[in-house]
Amino acid sequence: MTLTQALTTAQKQFTGIVERPRFEAELLLAYHLGVDRMYLLTHSEETLPDRSGFEALVSRRAEHEPIEYITGRVSFYDIELFIAPGALIPRPETEILVEKAAKVIRREGLKQIAEIGIGSGAVSIVLARMFPQLRIVASDISGEALVIARQNIETFGLIDRIELRHTSLLDGIEASIEMIVSNPPYIARGVELDPNVQDFEPHTALFADGAGDDLLRKIITLSAERRIRHVACEMGYDQRERISAFVKELGVYSVDFYTDLAGLDRGFVLMNSEW
Ligand SMILES: C[S@@+](CC[C@H](N)C(=O)[O-])C[C@H]1O[C@@H](n2cnc3c(N)ncnc32)[C@H](O)[C@@H]1O
């Protein structure tokens, strides 16, 4: 079997299952061969080595396993990270959260922030790379996610600026914090997701209590209790009304909601009143 034939076969298996069958077939074949996708164009008539190994990868993807968990790599903002099933695969829309947080950090000259729910490390690593003076303390309740985050933080040489804590929210974290950044789990329990998400990604990273906004509310309340002036959070497309009513009730100084590229509500940046 040539590389071209291998691609055609994989593409057929993926049709109707993945969004971009040809592209993902190329990504998997390039991963299998340890080359970049360009190589496939220039070596199309070469014989496929370890055919059964490639077929095994294709079957995993055809059974909905996310390609990022198969290859162990994910692109986020301007970096590529290691990823594994213990951590949520960072999403493109979370790059908007990074930009919203970065705007506040730049404007206010912030030096110490916290991320709640660091997952793979994507958000904290990108922010730490943007702002060389910034220190981040980052929590997660998942030990598996923290192992993945640590590996990525070490790869980018940021171990002295991103402190990891195995805890819920900011429990036990005493540092004085100027802003909370978070992409917490915000999907209501019981909501049915695509099989590639539902069956493979950690449910502690996806689902939260109530209408899915339980952790978002806790984060906002915590910011007021701890006198943390700024909060930037990602949220669900249908949570604006509830969050808006909640912050009004709490009397926060200002809240700006933002949308994603599809025009859906996706998060907010809020400022508490000065104390
Ligand atoms: C949606 S994922 C986001 C991961 C990463 N920040 C990103 O944007 O790709 C949510 C993360 O929050 C963590 N988490 C859930 N509940 C938490 C809690 N009470 N305190 C801290 N982290 C929590 C999950 O384990 C998961 O890693």
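Begin by selecting helix 7 (122-130) and strand 4 (135-140), each of which supplies at least two residues of the shell around the ligand. Helices (H or I, at least four residues) and strands (E, at least two) are DSSP runs, numbered from the N terminus. The structure is a predicted model, in which local features need pLDDT of at least 70 and side-chain atom pairs count only at pLDDT 80 or more, while totals for chains, interfaces and linings use all residues. Residues are numbered from 1 along each chain as its sequence is written.

Next, display the ligand with its surroundings. The shell holds 23 residues, and the closest are Gly117, Gly119, Ser142, Asn183 and Ala205. A residue is near the ligand if its C-beta atom, placed from the backbone, lies within 6 Å of it. Colouring by class shows 13 nonpolar, 9 polar and 1 charged residues in this shell. Here Ala, Val, Leu, Ile, Met, Phe, Trp, Tyr, Cys and Pro count as nonpolar, Asp, Glu, Lys and Arg as charged, and the others, Gly among them, as polar.

Now turn to the sheet. It is open, with 7 strands in the order 5-4-3-6-9-11-10 and mixed pairing. Its edges are strand 5 (162-166) and strand 10 (254-259), each pairing on one side only. Two strands pair if DSSP finds at least two bridges between them.

Select strand 3 (residues 112-116). Strand 3 pairs in the parallel sense with strand 6 (residues 179-182) over 4 bridges, and with strand 4, also in the parallel sense, over 5 bridges. Ala114 stands opposite Ile180 in strand 6 and opposite Val137 in strand 4.

How is strand 4 placed with respect to the rest of the structure? Strand 4 is largely enclosed, because 5 of its 6 residues are buried (20 or more other C-beta atoms within 10 Å of a residue's own; exposed means 12 or fewer, partly exposed in between, with C-beta atoms placed from the backbone).

Two loop residues merit a visit. Asp50 is in the loop between helix 3 (37-42) and helix 4 (51-62). Its phi is near 45°, a positive value in a residue other than glycine. With 10 C-beta neighbours inside 10 Å, Asp50 counts as exposed. Tyr77 is in the loop between strand 1 (73-76) and strand 2 (79-82). Tyr77 also has a positive phi, of about 55°, although it is not a glycine, and it is partly exposed, with 19 other C-beta atoms within 10 Å.
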